[in-house]
Structures are given as structure tokens and as C-alpha cells.
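Here is a quick walk through one chain, from its overall layout down to a couple of spots in its sequence. Have a look at the structure first, then read on.

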Amino acid sequence: MYLEIVSPEATLFAGEVNSVTVPGINGEFQMLKDHAPIVSLLQQGNVVVDGTLTIAEEYQNKFTQDAKGKTVLAISSGTVEMKDNKVIVLAD
């Protein structure tokens, strides 16, 4: 599935991934390929991405790796939309 992570400054990442876990306002949830369409508000927490990510050098400092090798982006709030195997995370 295709993931875009967009901040007010720029698009931080865009590319193919295996899964995305986000901190929804009603609890954390994960999206995999062929997930049902969804729109949700996000709260403070981590966006966790499984897959091989190529992140532009100027944005690499915003991301970390967890113990399982997944890529993590801390956010304060945001919105996520999943439709037709495309996930867009608008993150603050």
C-alpha cells in the first residue's frame, strides 16, 4: 500500500509500505493492504511504519527506529485517511 506523511512544512515521506499504525483518538489502530476506507483524528503518539522507507536526508531527524526495526514518527495530533490502498497522514 502507498503511504504519504505530510506535515505543515513538507511531505516527510511518500512510498510503498507493509503496514501503518497510528494513535487514533479512540485508541491505536493498524492498517494493512486492503483495509476498509477510514478517516480518523489522531492524538499525540507515534506513527509506526513497517517497510523499507527511503526518507529524504533533511527529514531523517524526525524519524527513529524501534526495537523491531520499524520506523517511528512522533506526532502531537493529526488526521489519517485510508482509501484504495493509499494512506495519507496529515501530522502536526
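Which pattern does the chain follow, read along the sequence? The pattern is β-β-β-β-β-β-β-β-β-β. Keep in mind that what you're looking at is a predicted model. In terms of counts, the chain has ten strands and zero helices.

**Overall build**

How does the chain fill space? Along the principal axes, its C-alpha atoms take up a box of roughly 30 × 25 × 25 Å. The radius of gyration is 12 Å, and that agrees with the value near 12 Å that a compact globule of 92 residues would have. As for burial, 40% of the 92 residues count as buried.

The contacts say something about how the sequence folds back on itself. Take the contacts between residues at least 6 apart in sequence: 55% of them join residues at least 24 apart.

On the outside, the accessible surface comes to about 5,300 Å². Carbon and sulfur atoms account for 47% of that surface.

**Charges and the salt bridge**

The chain carries 12 negative side chains and 6 positive ones, and the centres of these two sets sit 5 Å apart. In general, side chains of opposite charge can pair when their charged atoms come close. How many salt bridges does a search of the whole structure find? The search finds one.

That salt bridge brings together the side chains of K86 and E4, at 3.1 Å from N to O. The pair links distant parts of the chain, with K86 in strand β10 (residues 86-91) and E4 in strand β1 (residues 2-6), 82 residues apart.

**Burial at three positions**

The two partners can be set beside S40, which belongs to strand β5 (residues 38-42).

| Residue | Relative accessible area | Class |
|---|---|---|
| S40 | 14% | buried |
| E4 | 18% | buried |
| K86 | 33% | partly exposed |

Why does E4 count as buried? Its relative accessible area is 18%, and buried means under 20%, so E4 falls in that class. K86, its salt-bridge partner, is partly exposed because its 33% lies between the 20% and 50% cut-offs.

**A closer look at S40**

S40 is buried as well, because its 14% is under the 20% cut-off. What is S40 in contact with, leaving aside its neighbours within four places in sequence? The list holds G24 and F29, along with G78, T79 and V80.

Conventions
Residues numbered from 1 in each chain as written. Predicted model: local features only at pLDDT ≥ 70, side-chain atom pairs only at ≥ 80, totals over all residues. Heavy atoms only, no water. Helix = DSSP H or I, 4+ residues; strand = E, 2+ residues; numbered from the N terminus. Buried < 20%, exposed > 50% of the residue type's maximum accessible area, 1.4 Å probe, protein only. Contact = heavy atoms within 4.5 Å. Rg over C-alpha atoms; globule rule 2.2 N^0.38 Å. Areas by Shrake-Rupley, 256 points an atom, 1.4 Å probe, with all protein chains shown as cover. Lys, Arg positive; Asp, Glu negative; His and termini not counted. Charge placed at Lys NZ, Arg CZ, Asp CG, Glu CD. Salt bridge = Lys/Arg side-chain N within 4 Å of Asp/Glu carboxyl O.
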